Amino acid sequence: MESVVNISKNPSSDFYTVPDLKFDIDKLRFDLDKILKKKKFNSLGIKNFAAIPLNKIPGDKSSTEGHNVRGTYWTIPDETGKEAMRDKPIEESKYTELLPEFKGTYFEEIFNILKKNFKLGRVRILLKEARSTLSWHRDPEPRLHIPIITNLGCRMVIEDVSKHMPADGTVTITNNTKYHNFFNGGEQNRIHLVACVLENPFN
Ligand SMILES: [Fe+2]
């Protein structure tokens, strides 16, 4: 695999599959199992959402704790149709250091390849529980997805378009600056590696 890939500007779809970049899904699942034996998902007490951070702000232990694993977003909570801001902003560009538990794993290799190709913020392993949904919301920046465990009932909806992202090692950047949702309509938990992408290819 080439370590540097060509990212197109202004992709025509809000779901952009990165060309010439594919990871080994078996290795990824194998090392996910190893991580899950050592680490628990941080649920923040929020229903159906949980995360394991991969990187941190050097010297800042709190950068992987509490609401720093979620971050700010905007949502339309009720019939008034008015937008509301939730949670707090994150200093994404400061998240440069891989957490020690990922050293020597396939996650480290992926982290390094992604870092070469994208301006990254937080990188997290995100859990979406079976038969659950997020809110209808928008984020400050696009997200890069590498599905690890998924099922055909897992779909991301961006405005009026819904797509399933397969767990086959491919990398998809999604335009999360538009209103979107993710739902898992299956009966198995979904797990994605998700990174914040600080240079927006959709602009
Ligand atoms: Fe989102």
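The following is a conversation about how the terms used for this predicted model are justified.

Colleague: What should I keep in mind about the numbering and the model?
Modeller: Residues are numbered from 1 along each chain as its sequence is written. The model is predicted: local features need pLDDT of at least 70, side-chain atom pairs count only at pLDDT 80 or more, and totals for chains, interfaces and linings use all residues.

Colleague: What makes the protein as compact as a globular protein of its length?
Modeller: The radius of gyration is taken over C-alpha atoms, and the globule rule is 2.2 Å times the number of residues to the power 0.38. For 203 residues the rule gives 17 Å and the protein has 16 Å, which is close, so the protein is as compact as a globular protein of that length.

Colleague: How many helices and strands are there, and what counts as one?
Modeller: Helices (H or I, at least four residues) and strands (E, at least two) are DSSP runs, numbered from the N terminus. By that count the protein has two helices and 15 strands.

Colleague: Why is E15 called mostly covered?
Modeller: A residue is buried if 20 or more other C-beta atoms lie within 10 Å of its own, exposed if 12 or fewer, and partly exposed in between, with C-beta atoms placed from the backbone. In E15, eight of its eight residues are buried. Arg-190, His-192, Val-194 and Cys-196 point one way, while Ile-191, Leu-193, Ala-195 and Val-197 point the other way.

Colleague: What makes E15 a partner of E7 and of E10?
Modeller: Two strands pair if DSSP finds at least two bridges between them. E7 and E15 are joined by seven bridges and run antiparallel; E10 and E15 have six bridges and also run antiparallel. One of the bridge partners in E15 is Ala-195, matched with Leu-144.

Colleague: What is meant by the largest nonpolar core?
Modeller: A nonpolar core is a set of buried Ala, Val, Leu, Ile, Met, Phe, Trp, Tyr and Cys residues joined through C-beta atoms within 7 Å. The largest has 31 residues, and Leu-114, Leu-120, Leu-144, Ala-195 and Val-197 have the most contacts inside it. E15 gives the most to this core, with six residues.

Colleague: How do you know that the buried residues of H2 line one face?
Modeller: The buried residues of H2 are Phe-107, Ile-110, Phe-111 and Leu-114. The arc is that of the directions from the helix axis to the C-beta atoms; here the buried residues fall within 100°, so they line one face of the helix. The face turned away from the buried side carries the exposed residues Asn-112 and Lys-116.
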